[in-house]
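Let's walk through this model together, starting from the empty space inside it and working outwards.

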Amino acid sequence: MAKSWVNSEDPAGDSWVDSAARIGADLHLDLSEPSGASGPGGRRAALTRALRDAVREGRLAPGTRLPPYRSLAADLGIARNTVADAYAELVAEGWLTARQGSGTRVAERTEPLRRAERVPRKAPPRVRGPRHDLRQGTPDASAFPRAAWLTSYRRALQQAPNEAFGPGDPAGRVELREALTEYLARARGVRTEPGRIVICSGFAHALRLLFGPDRSGGGGVLRGPLAVEAYGLGFHRELLAAAGVRTVPLPLDEDGARVDLLGRERAVLLTPAHQFPTGGPLHPERRAAVIDWARARGGVVLEDDYDGEFRYDRKPVGAVQGLDPERVIFMGSVSKSLSPAVRLGWMVLPERYVGDVLAAKGEREAWASGLDQLGLADFIASGAYDRHVRRMRQRYRRRRDRLVAALATHAPHIEVTGVAAGLHAVLRLPPGTERSTVKAATWQGIALDGLAEFRHPDAAEQDTAEADMPVRDGIVVGCATPSEHAYGAALEALCGVLPPAGD
């Protein structure tokens, strides 16, 4: 029996090197010889049969170029003339064609698959997306900077050291950590150094590393209970609950989270640049107050830099981390500034947590592509990331202005909030109309979220006039997801499902 994968290298040791086009396709051939067959004729018959079966069964498609005699003979351990005779026989039968300078190929006229081997296939169900996608949290996918990204990726690959193509460092590529150190200091006021940055695949991955069990099955880097804002992503609460972490809702008002109501928790998760989803930055006095709390309690602040790059009405709000790098874990990603398809994020850690987080990741990088990290490092260092963010900031601001103008014209009774930054807005609705509005939007093919979906399930137990913003009906409308040409129609459809004044 002779079974072989035909590969693209000629093992005969000759000095010539074929191009991929000349060598032809990789093949798997089973040269098991029938009982009683032996000798050169038997090997030729086995090869002829194996090639014929591969064509008949569809494993070799019409037009496929076969390896030259020399390469196939060397890989199968048979004589070159044996391969030549087998090819010639199949050419004569019409299974293959041979032309000078074009090599040997599978003939265009081939026998169809045997009926007994046909497997009926059911057409996959057609999944239709919404007619108008106004969900929060995603950027305009059509605006991805393909040319600039390709330039950075190509340059990064050309300049990459050989070790970049081996097992990855769990801390992340040093090139990216160095680029982030400079960028975050300049753009977000973060105080750090490359050795205190750990690359991850996004914010959710960062939470898993901080709170999930370590590789030995022990407890995470941090323990609960964890104070969280009364409004936030349910996905993150579910992730924490799955890790056994109890979350305690922290009331909100117009100045952000009521950090003065922090209790016995040792950690708090905040979105101080732009509270998600209600909008607004954390008040400067509360920024200082939460740092004082962390120092007094020996606790830590988890800073989700949500929408930190996209502020429209004034200068960007700096990171809380800059007030005390040893009391804040700063977390960010490129999921909204660039694309969620680029699965890269980062944690800027107090020194005491670096070793534990790296131990939680393991000895090798298993999440974030090292090559993507190199590409992003060049994208940042070359200035292309800054240019892209500035361009998208202007685009999203125009979209926000179009949303506000459309509502002022067609639904002036609807209050718009949370639009000083970010990729979404909150539309306040008349009491009792949120569910019917979301339902009407769904019927009209509009994808959006009701504000109640983001409310912590335990927040109602803490509602007081002094401690929390009143519970209001509302919808969360994403301004970034539709492409430019589709945005106008989406706004028109949105205005058509909003409740009239007086409802």
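On a 1 Å grid over the protein atoms alone, a cavity is a set of points where a 1.4 Å probe fits but cannot get out, and its lining residues have an atom within 4 Å of a point. Grid points are joined across faces, edges and corners, and a volume is the space filled by probe spheres set on the points.

Before we look inside, note that this is a predicted model: local features need pLDDT of at least 70, side-chain atom pairs count only at pLDDT 80 or more, and totals for chains, interfaces and linings use all residues. Residues are numbered from 1 along each chain as its sequence is written, and side-chain values use heavy atoms, with hydrogens and water left out.

Four cavities of 30 Å³ or more turn up in the structure, and the largest has a volume of about 200 Å³. Its lining is made of 15 residues, with Gly232, Leu233, His236, Leu269 and Thr271 lying nearest the centre. Strand 7 (226-229), helix 8 (234-242) and strand 11 (267-270) each give at least two residues to this lining; helices (H or I, at least four residues) and strands (E, at least two) are DSSP runs, numbered from the N terminus. Helix 8 brings the largest share, three residues.

Now step back to the whole chain, which has 14 helices and 19 strands. Of its 503 residues, 51% are buried, meaning under 20% relative accessible area with a 1.4 Å probe, protein chains only. Among contacts (heavy atoms within 4.5 Å) between residues at least 6 apart in sequence, 74% join residues at least 24 apart.

Notes
On a 1 Å grid over the protein atoms alone, a cavity is a set of points where a 1.4 Å probe fits but cannot get out, and a pocket is an open set with protein on both sides within 12 Å along at least five of seven lines; lining residues have an atom within 4 Å of a point. Buried means under 20% relative accessible area, exposed over 50%, partly exposed in between (1.4 Å probe, protein chains only).
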